[in-house]
Amino acid sequence: MASATASKRKGFFSPDVCDDFMAFLGDENELDMARQIAAKRAWPAEAVRDGGMHEALGVMKGGATARVVLVDVTGSEDPIADVERLSASVGQGASVIVIGKTNDVSFFHDLIEVGAADYLVKPINAQKLEKAIDLASQTGRATGRGRQRTGRLTVVLGVRGGVGATTIATNIAWIMAHQFSQKTALLDLDLHFGTTTLSLDLEPGNGLREALASPHRLDELFVASAIVKENDNLSVLGTEEPVEEAVNFSGDASLELVKQLRGNHSQVVVDLPRALMALQKPLLAAADSIVLVSDQTLAGIRDINRALHAIADLAGETAVIKVAARVGADRKAQVAKKDFERGIGCEIDYVVPEDAKTLTICANAGKAIPAVSAKCQAAVVCGELAHRVSGYREATPKRKGLFGLGGGSAKPVKSKAAKGKK
Ligand SMILES: Nc1ncnc2c1ncn2[C@@H]1O[C@H](COP(=O)(O)OP(=O)(O)O)[C@@H](O)[C@H]1O
Ligand SMILES: [Mg+2]
C-alpha cells in the first residue's frame, strides 16, 4: 500500500516523478483541482503537470511509474492506443485514470479494456475527481472493474537443443522493453546453464532458486531480490546454480513466480528448457502464447510434432506459434521449408535465418540483436514475433513523429521470412 508520505525519484528521462501520483492535464480548472487534491496529501507540486497524453507518455515511457496516473486525452489522435501504451509503460502496479470529452459507453469500455482504471467525462467536479483518485490509490492494481490486471505470458520452448530458442526469448523480451517501452520480465528457467543473463552482459541474480523453492513465501520484495535490471523496463531472472547440485522446482512454484511477475510487468517471457516440459505443464497452460522453436531438420519435425502432441490438450485460447530458426544454406542436414511444413502438418509462422556474423558480435559484446544490427533479418523477425505475442499496438504515425518510440523503430516490417518466402 502507498505510504502517506510523498516520495520523489528521478525518472529515466524525466525530471522528478512522484511515486504516488502524477497528473497531466490541459485545463486550468482541472489543474487547480488536482493541485488542491495533491496538496492535501502532501504530494509535491511537480506531481501535477500542464499537458496531456503526449507529456504523460514522454515522462512515463522512460521507466518512471506512479501509483496513480491521471491524464487528459482531449488532444490525443488515438486515445485508445495511447492509453494502452501508457498503461503498458506504467506497469501493472499503477492505475491510469483518464479524463476526456467523449461521453460514450463503448469508448469507456474500450478504455477499460486496454487498461484504464477509470474514465471521467468533462466537465469534472472536484469531489468526483478526488473520489476516483482515492479509489485508484486504494485498489492499486485493480482496474475500474476491480479485475486483477495481468501481464501477457509468452513461453518460449526450444524443441531441440541449440536451435536458437534462448536467443529468441531474450531478443523478444529486449524488444518489448526497449522498443515498445513495456515493463517486461524475462525468466530463464534453466537454472544451471541458462544464458539469458550472459547474453545481455548481466550478472546472474541471487534469489531465483530461493524464490522457486519457496512459492508460498513469494511477495514483491522476494521477487525483486531475484531480479537483475537490464534497463528500467527489462527485469531479468536467471541464475547459474552449481552443476553438481540438483535443483528441482514444481510447476506450481514457477506458476506462482510468474503470477507475481505478471502483477507488475506488462509482458512476461519465459525461456523454458524442453526437459521441463512435462513438469511445467501448469505454466504452459497459463500462457497466452507458446513459441515452439526448432531447426528446419527431420529431427525438428519429429520434435515439433511431439511438442505439439504434448500441449494439444492445453491449447484452448493459447496461441501456439511455430518458429524455424537458424535456417540457412550453411546449416547442415536441413530439409526444404515445404517438406518441413508437410511434416508438421501446418505452416511455419516465422523463419529466423542463420546469421553467424551478427550473433557472434552479440555474444561477444553481450548485446541484443537489434542493438547490433537493427535491420538484419533476425532482428526484423524477432520484432514481428514480439509484436505478435505482446499484442503491442504502435501509436498513430503522427504521434510517433512527435516523440518517437524509445530504442528504435517499433513499426513492424513485413519480412520475407514471416511471409513464408525463403
Ligand atoms: N539465428 C542465429 N544465427 C546464428 N547463430 C545463432 C542464431 N540463433 C542462435 N544462435 C547461436 O546458437 C547457439 C545456441 O543458441 P541458443 O539460443 O542458446 O539455443 P537454444 O536455447 O535453442 O539451445 C548460440 O551460440 C547462439 O548465439
Ligand atoms: Mg536455451
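Biologist: What kind of phi does Gly-345 take, positive or negative?

Modeller: Good place to start! In this predicted model, Gly-345 takes a positive phi of about 75°. Gly-345 comes just after helix α13, which covers residues 337-344.

Biologist: Let's stay with that helix. Which residues of α13 are buried?

Modeller: Buried here means under 20% relative accessible area. In α13 the buried residues are Lys-337, Phe-340, Glu-341 and Ile-344. Seen down the axis of α13, they fall within an arc of 95°, so they line one face of the helix. Now turn to the other side of α13: Lys-338 and Arg-342 are exposed there.

Biologist: What do the buried residues of α13 pack against?

Modeller: They pack against strand β13, helix α12 (298-311), strand β14 and strand β15 (350-353).

Biologist: You mentioned β13. Which way do the side chains of a strand point?

Modeller: Here is the general idea: in a regular strand the side chains alternate between the two faces of the sheet. Now for the case at hand. Ser-289, Val-291 and Val-293 point one way from β13, while Ile-290, Leu-292 and Ser-294 point the other way.

Biologist: How many of the residues of β13 are buried?

Modeller: 6 of the 6 residues of β13 are buried, so this strand is largely enclosed by the rest of the structure.

Biologist: How do strands hold on to one another, and which strands are joined to β13?

Modeller: In general, strands of a sheet pair through backbone hydrogen bonds, either parallel or antiparallel. Strand β8 (residues 152-158) runs parallel to β13, and 5 bridges join them. Strand β14 (residues 319-327) also runs parallel to β13, with 6 bridges joining the two. Try following Val-293 in the structure: Val-293 is the bridge partner of Gly-158, and in β14 the bridge partner of Val-293 is Val-323.

Biologist: In what order do the strands of the open sheet come?

Modeller: Its 5 strands come in the order β4-β3-β5-β6-β7, and the pairing is parallel. β4 (48-50) and β7 (116-121) stand at the edges, each with a single partner strand, so one side of each is left without a neighbour in the sheet. On average, neighbouring strands of this sheet are turned by 15° against each other, direction ignored.

Biologist: Could we look at one pair inside that sheet?

Modeller: Of course. Take β3 (residues 21-25) and β5 (residues 68-72), which run parallel and are joined by 4 bridges. Within this pair, Phe-24 stands opposite Val-71 in β5.

Biologist: Which strands does helix α3 touch?

Modeller: Helix α3 (residues 79-90) packs on the sheet and touches β5, β6 (95-100) and β7. The direction of α3 makes about 155° with that of β6. Helix α4 (residues 105-113) lies across β6 and β7, and α4 runs at about 155° to β7.

Biologist: Now the nonpolar cores. Which residues touch the most other members of the largest one?

Modeller: That core has 46 residues, and those touching the most other members are Phe-21, Met-60, Leu-70, Leu-86, Val-98 and Leu-129. A second, separate core of 44 residues includes Leu-212, Phe-222, Val-268 and Phe-340. You have already met Phe-340 among the buried residues of α13.

Biologist: Finally, how many helices and strands are in the chain?

Modeller: The chain has 17 helices and 15 strands. Of its 422 residues, 55% are buried. Among contacts between residues at least 6 apart in sequence, 77% join residues at least 24 apart.

Terms used. Residues are numbered from 1 along each chain as its sequence is written. Chains are lettered from A and ligands numbered from 1 in the order in which they are written. This is a predicted model: local features need pLDDT of at least 70, side-chain atom pairs count only at pLDDT 80 or more; totals for chains, interfaces and linings use all residues. Side-chain values use heavy atoms; hydrogens and water are left out. Buried means under 20% relative accessible area, exposed over 50%, partly exposed in between (1.4 Å probe, protein chains only). Two strands pair if DSSP finds at least two bridges between them. The arc is that of the directions from the helix axis to the C-beta atoms. Contact means heavy atoms within 4.5 Å. A nonpolar core is a set of buried Ala, Val, Leu, Ile, Met, Phe, Trp, Tyr and Cys residues joined through side-chain atoms within 4.5 Å. Axes are lines fitted to C-alpha atoms, for helices over the stretch in contact, and angles run from 0 to 180 degrees between N-to-C directions.
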